[in-house]
Amino acid sequence: MTDSRDPKAKPPDRVRTRVVHGQHPGHVGPASTPIVHSATFGFPSLEALNAEQFKGAASAYYQRVGHPTLSAVEARLADLERAETGLLFSSGVAALAAVFITSLQSGDHVVALRQCYGGTHDLLQWGAERFGWSVELVDARRPEEFAAAFRPRTRLVHVETPTNPTLCVVDLGRAAEIAHRHGARLSVDNTFASPLGQHPLALGADLVIYSATKSIGGHSDLLAGVVLGPRSLMDPMARTRRVFGAVPDPAVAWQIERSLKTLALRVQASNANAQELARRLSRHAAVRQVFYPGLEGHPGHDIAERQMEFGFGPVLSLDLQGGALAAEGAVAAFQLIVHGPSLGSVESLASLPAHTSHIQIGPEGRARAGIPEGLIRLSIGIEDVEDLWNDLDQALTRAVPLAAGQVGRSPSGD
Ligand SMILES: *Cc1c(COP(=O)(O)O)cnc(C)c1O
């Protein structure tokens, strides 16, 4: 095969093209990365074996150390983020664990958001008990208080934006500046925005983390995580992955590559649906408050508009007039929207954070993080927006009289 491409041609630069083609536009050979179903590899000599082993995560040596399907997909993810390199993990939490274990030693200090993912709090607390690091939680709604949280041994600031589940927005450029001024690094869990919607490294972050289970995978059918960043920080991370062994299956890596090709279509469709539903829900009689950064009245709207692209993410949350009882009633009344955890999938999902993602922090933790007990978190999928609206409207209209004890009354229907 002769390759007729101009070697000096500049590859297409736009993110919606790069999700489809990776770093090899118009490439020759398989259009889809082959799944190498082999956990180990054979070598003609000791020299050849050692040379391959030395390449680490980029090698074809032994699945936990280096595997060609994993490294091909890691290179794609890194390219998308404009990161030097990246690593896949067996879950988002495994990716977060690798970041914390690699960045923090006994006696070190980490600053994280009170509004972080519940599993992140669990992990930081566990590390404080078992590894002897210490944690300070700051409120995403009060960035002016971040600076006071630093200690002489603060090594890491860890944030999410928009946060789960109340969609607080953190100014990433400002967070990076504060972290660096105090000699700490900034890690950003970018799961809610997706690699299409926000580019933390370009805004000054040192490491980016994804639960690929969410928008990257996008079909509720895989569990994986990603960490991306400069080689100087990622090489020790590769060692952590090798030591703890949280490596995904090559078939999962392939599923991620396949999903990446439709990431832009899925994220844009979900974000547009979420924006429209947030607008309509903010005028619904059963709703006390809608949390969505795409709404102009949201306190983080201006920052989100500056640092996000292609919309404001698939997640919005609702606080109902009827509180927790109404929320439980509404979730039970959904006919189309799936009642279950997770987010960023093609199907719309609803969950009650007090019972799922934020169960670990208890009622006091939720109160301090500004999470109403009756909050419904919705992750909006790519269905027809009118069907989603009809389902939301009937469930919310039914749930309000239920909460008020007026079970016999029929829904008003408008
Ligand atoms: C789901 C999620 C995680 C954890 O990812 P898993 O793949 O479930 O381990 C971490 N951070 C955020 C923001 C998430 O939504």
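**Notebook: ligand shell and aromatic pairs**

I looked first at the ligand and found 15 residues around it, with V93, D189, S211, T213 and K214 as the closest; I count a residue as near when one of its heavy atoms lies within 4 Å of the molecule. The model is predicted, so I note that local features need pLDDT of at least 70 and side-chain atom pairs count only at pLDDT 80 or more, while totals for chains, interfaces and linings use all residues. Residues are numbered from 1 along each chain as its sequence is written, and side-chain values use heavy atoms, with hydrogens and water left out.

I then sorted the shell by residue class and obtained 7 nonpolar, 5 polar and 3 charged residues (Ala, Val, Leu, Ile, Met, Phe, Trp, Tyr, Cys and Pro count as nonpolar, Asp, Glu, Lys and Arg as charged, and the others, Gly among them, as polar). Helix α4, residues 92–103, gives the largest share of this shell, with 3 residues; helices are DSSP runs of H or I with at least four residues, numbered from the N terminus.

Next I looked up polar contacts, meaning pairs of N or O atoms within 3.5 Å. For T213, a polar side-chain atom lies 2.6 Å from an oxygen atom of the ligand, and for S211 a side-chain N or O atom is 2.8 Å from a ligand oxygen. G92 takes part through its backbone, where an N or O atom lies 2.9 Å from an oxygen atom of the ligand. On its own the ligand has 380 Å² of accessible area, and the protein covers 92% of that (Shrake-Rupley method, 1.4 Å probe).

I turned to the aromatic rings and found 3 pairs in a search of the whole structure; rings of Phe, Tyr and Trp (its six-membered ring) pair if their centres lie within 6.5 Å, and planes under 30 degrees apart count as stacked, over 60 as edge-to-face and the rest as tilted. One of them is the tilted pair of F43 and Y61, at 6.0 Å centre to centre and 35 degrees between the planes. This pair links distant parts of the chain, 18 residues apart, with F43 in the loop between α1 (15–21) and α2 (46–54) and Y61 in the loop between α2 and α3 (68–81). Y61 is buried at 17% relative accessible area, whereas F43 is partly exposed at 25% (buried is under 20%, exposed over 50%, partly exposed in between, with a 1.4 Å probe and protein chains only).

Why do I list F131 and W133 as edge-to-face? Their ring centres are 5.7 Å apart and their planes stand at 70 degrees, so the pair is edge-to-face. W133 counts as buried at 4% relative accessibility, and F131 is partly exposed at 33%. I also noted that W126, F131 and W133 form one aromatic cluster.

Key
Helix = DSSP H or I, 4+ residues; strand = E, 2+ residues; numbered from the N terminus. Polar contact = N/O pair within 3.5 Å; in protein donor to acceptor, adjacent residues only side chain to side chain.
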